[in-house]
Amino acid sequence: RIFVLGIGFFTLCFLMTSLGGQFSAKRLGDSPFTIRTEVMGALESRGVLRKMSDMLELLMKRMDILARLENSSDLHKADDGRFLLDRFQPASGLMERIQAIAQNVSDIAIKVDQILRNSLMNGKMMDSRRDQCEVPRDPKYPDCAGKVEWMRARWTSDPCYAFFGVDGTECSFLIYLSEVEWFCPPLPWRNQTAALPSPAPLPRAQAAFRSDLTHLLELVGTGKESLIFMKKRIRHLGQQWLRAARRLEQKLKGRRRDQKHILIHIGFLTEESGDVFSPRVLKGGPLGEMVQWADILAALFLLGHSLRVTVSLKELQSNLGVPPGRGNCPLTIPLPFDLIYTDYHGLQQMKQHMGLSFKKYSCRVRVIDTFGTEPAYNHEEYATLRGYRTNWGYWNLQPTQFMTMFPHTPDNSFMGFVSEELNRTEKQFIKSNKVSNMAVVYGKEASIWKGKEKFLAILNKYMEIHGTVYYETQRPPEVPAFVKNHGLLPQHEFQQLLRKAKLFIGFGFPYEGPAPLEAIANGCVFLQARFNPPHSSLNHEFFRGKPTSREVSSQHPYAEAFIGKPHVWTVDYNNSEEFEAAIKAIMSTQVDPYLPYEYTCEGMLERIHAYVQHQDFCAAPEAGGPAGPGALALAPNATHLVWAPRGGGHGGWPPARSLQVWLSEGRHACSETCWRRGLVCEPTFFKLLNTKDAFLQLSIACDSTEAEMNHLYPAVAEGARECYLQKEPLLFSCAGFNSKYRRLCPCRDYREGQVALCRDCL
């Protein structure tokens with residue numbers, strides 16, 4: 001009897017699985033774009049139902065025979081009469097249930113047969129309509145036919161096409177190419193609800209300055225040493241950040257600020273990119289990138305924006321709405337973020353997984369780029385034709401979408417980081433406790449010390465030398481015995497060491513890190529090597545492949561150019577006499593702790609606030625392009641052009657009233673031309689002076705004027721009276737020079753201590 005019950009139960013399960021699978025199983029190709037409902041295996045379904053009905057009838061007959069045999073046998077046992085009754089009644093009930101099931105299966109079989117017949121007839125009608133689609137010939141969609149041809153041959157190359165409903169038919173190709181992508185016109189017989197004008201967007205929430213960093217620490221997450229380091233830094237600088245936010249709030253006087261939804265994807269920390277940084281955080285590895293990312297997170301959060309932080313590819317895909325597959329299809333949803341901050345690794349990951357959506361939404365991306373990307377390397381076609389193509393360039397973004405650690409490339413936006421700011425009492429305490437003959441070497445990795453014995457020997461004659469070189473068990477052999485090596489120090493202990501030291505000395509590497517600014521802020525003098533010739537991608541392995549031709553004249557060009565003596569000394573280390581003389585002079589020089597305003601918490605908040613509120617790379621280009629007649633006027637001293645009052649407000653950012661147009665000398669880039677006049681090159685102004693009238697107003701007679709793709713244009717050829725305008729806006733560049741040309745350079749003023757912003761930019 002138990003066996004029979006088991007057979008019955010198994011039969012019911014089999015019936016439910018068979019029928020359920022036929023009607024509820026969703027294939028990969030099913031989607032909102034499918035125009036028919038298919039019921040697969042109609043003949044098989046009817047066959048299953050008939051077999052089930054036959055099995056149940058056979059089971060009922062065998063149960064009836066078994067019951068008779070059991071009844072006949074048990075009647076001979078008079079003392080078991082009561083037991084017989086108890087056993088017979090359940091058997092009788094089971095037979096009734098099986099009879100009912102058999103009848104239900106028979107009824108279901110009839111109904112399913114009717115449904116399947118109707119479904120197959122409708123399916124044939126739909127198939128007929130579906131296979132009759134023709135590729136439209138619409139001049140507004142010139143790529144449609146070619147894309148359909150591609151789909152015919154390659155639609156199975158990525159599962160994402162089936163996810164969106166492509167099944168190999170012409171109609172499915174056209175539905176996909178018109179409704180998911182945008183290469184074909186909408187089909188007239190499709191539901192065009194999606195094409196109706198979208199309702200007006202709701203008013204944006206306003207950003208409010210925050211006064212607590214607790215939620216940010218939760219957003220950053222855990223699980224990696226790099227994240228732990230970043231959270232420690234945010235906590236350590238927390239009070240300074242909060243005080244700076246209050247000061248900026250007072251400065252803005254309640255000005256309305258839109259709250260932005262921002263995704264922060266730190267690509268170099270993902271496992272897919274190798275994440276070489278996290279394992280080295282505790283072993284002396286570079287921390288500059290993590291310092292900058294921690295400060296970016298703190299600034300954006302305190303400014304009141306809504307943040308999402310990801311450090312894995314899986315999290316990135318989930319937040320973007322990436323469909324399953326190999327990354328050839330667009331996102332499944334409109335991008336839910338106003339801005340995305342990432343790095344080159346994250347940019348590559350987004351391109352691989354966003355399909356056409358990457359190009360559509362690339363204007364919302366901001367790329368944290370330590371060394372900068374010049375326009376000649378950014379423009380893919382130009383870089384390929386002119387030999388500027390590298391592993392990191394050719395993204396065709398607006399150059400100001402790249403954000404650097406130092407303001408060395410005006411073509412990019414200066415993002416920066418912060419150093420700890422001391423109050424008056426702390427500064428006085430440091431000055432009174434300085435050890436005049438104590439030096440700290442810049443370099444946590446032993447390899448930096450290799451071959452520096454000569455410099456160290458000279459320095460050792462005058463100063464006690466301290467190092468912070470990482471080691472596990474044995475002292476690194478590259479570090480001389482007379483050096484007091486503290487090993488790798490936690491950040492606060494390293495700060496204490498700098499507060500005692502008189503000198504912080506660099507040996508040429510690492511380039512452009514945050515440590516020299518921290519040392520200067522703690523009252524040290526920074527001594528560094530002058531590079532002759534300057535290091536660049538043409539002559540130095542470290543810079544080879546980086547998307548810049550910038551020549552680096554010292555280990556820390558910002559400290560050399562923007563700070564200088566007495567805080568920064570740049571000397572020729574190959575000249576022993578000059579090196580020794582510098583050490584003697586430094587020992588007798590008194591300096592106060594110094595930190596440039598742009599590297600304070602308030603300076604960084606001010607800068608990022610301006611970028612978030614004013615930089616818009618998704619807006620349509622302004623009508624007209626170049627400035628109209630009368631917009632530019634010759635300055636009273638007739639040396640340059642200025643924005644004329646009748647030129648109007650221009651409406652852009654930075655405001656055009658800060659513009660000055662200067663003609664460069666031969667072999668001078670626009671960045672240098674502007675800097676020599678106490679100004680900064682502003683690439684967004686190039687479009688205002690890219691006109692023949694600008695040459696005429698500067699008394700340059702052009703025998704011919706041509707528009708070409710060249711990152712040095714607009715310019716005039718020396719001696720030839722040939723003028724050239726820029727044909728490709730992405731190639732407007734403050735960088736670059738050629739002795740053949742004198743360039744038209746757009747310069748602007750800047751706020752004291754804040755080179756990234758003009759005086760009226762905040």
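Q: Is glutamine 206 buried, partly exposed or exposed?
A: In this predicted model, glutamine 206 has a relative accessibility of 29%. Buried would mean under 20% and exposed over 50%. With its 29%, glutamine 206 therefore counts as partly exposed.

Q: Where along the chain does glutamine 206 lie, and which residues does it touch, leaving aside those up to four places away in sequence?
A: Let's place it in its element to begin with: glutamine 206 sits in the loop between helix H6 (170–180) and helix H7 (214–220). Leaving out residues up to four places away in sequence, glutamine 206 touches Arg256, Arg257, Asp258 and Gln259.

Q: What distance separates the C-alpha atoms of glutamine 206 and lysine 260?
A: Along the chain, glutamine 206 and lysine 260 are 54 residues apart. In space, the separation of their C-alpha atoms is 8.7 Å.

Q: How many helices and strands does the protein chain have, and what share of its residues is buried?
A: Stepping back to the whole chain, there are 25 helices and 21 strands. The protein chain has 762 residues, and the buried share of them is 51%.

Q: Among contacts between residues at least 6 apart in sequence, what share joins residues at least 24 apart?
A: Contacts here are those in the protein chain between residues at least 6 apart in sequence. Of these, the share that joins residues at least 24 apart is 72%.

Q: Is helix H9 parallel, perpendicular or oblique to helix H10?
A: The axes of H9 (residues 238–252) and H10 (residues 288–302) come within 11 Å and cross at roughly 40 degrees. Angles under 35 degrees would count as roughly parallel, and 65 to 115 as roughly perpendicular. The crossing of roughly 40 degrees therefore makes H9 and H10 oblique.

Q: Which residues make the contact of H9 with H10, and how do they divide by class?
A: H9 passes H10 in a right-handed crossing. From H9 come Trp241, Leu242 and Ala245, while H10 brings Asp295, Ala298, Ala299 and Leu302. By class, this contact has six nonpolar, no polar and one charged residues.

Q: What is the strand order of the open sheet, and which strands are at its edges?
A: The open sheet has six strands with parallel pairing, in the order E2-E1-E3-E4-E5-E6. An edge strand here pairs on one side only. The edge strands are E2 (306–310) and E6 (413–414).

Q: Which residue in E5 stands opposite isoleucine 368?
A: Strand E4 (residues 365–368) and strand E5 (residues 402–404) run parallel and are joined by two bridges. Opposite isoleucine 368, in E5, stands methionine 403.

Q: Is serine 413 of strand E6 buried or exposed?
A: Serine 413 has its place in strand E6. Its contacts beyond four places in sequence are Thr400, Phe402, Met403, Thr404, Tyr611 and Gln615. Because its relative accessibility is 4%, serine 413 counts as buried.

Q: What distance separates the C-alpha atoms of glutamate 453 and proline 480?
A: Glutamate 453 is in helix H17 (residues 453–460), and at 48% relative accessibility it counts as partly exposed. Proline 480 is 27 residues apart from glutamate 453 along the chain. Their C-alpha atoms are separated by 7.7 Å.

Q: Which residues of helix H21 meet H17?
A: H17 and H21 (residues 576–587) pack at about 40 degrees, with axes 10 Å apart, in a right-handed crossing. The contact has five nonpolar, one polar and two charged residues. Lys454, Phe455, Ile458 and Leu459 in H17 meet, in H21, Ser576, Phe579, Glu580 and Ile583.

Methods
Residues are numbered from 1 along each chain as its sequence is written. This is a predicted model: local features need pLDDT of at least 70, side-chain atom pairs count only at pLDDT 80 or more; totals for chains, interfaces and linings use all residues. Side-chain values use heavy atoms; hydrogens and water are left out. Axes are lines fitted to C-alpha atoms, for helices over the stretch in contact, and angles run from 0 to 180 degrees between N-to-C directions. Angles under 35 degrees count as roughly parallel, over 145 as roughly antiparallel, 65 to 115 as roughly perpendicular and the rest as oblique. A crossing is left-handed if the near helix is turned anticlockwise from the far one by less than a right angle, and right-handed if clockwise. Contact means heavy atoms within 4.5 Å. Ala, Val, Leu, Ile, Met, Phe, Trp, Tyr, Cys and Pro count as nonpolar, Asp, Glu, Lys and Arg as charged, and the others, Gly among them, as polar. Two strands pair if DSSP finds at least two bridges between them. Buried means under 20% relative accessible area, exposed over 50%, partly exposed in between (1.4 Å probe, protein chains only).
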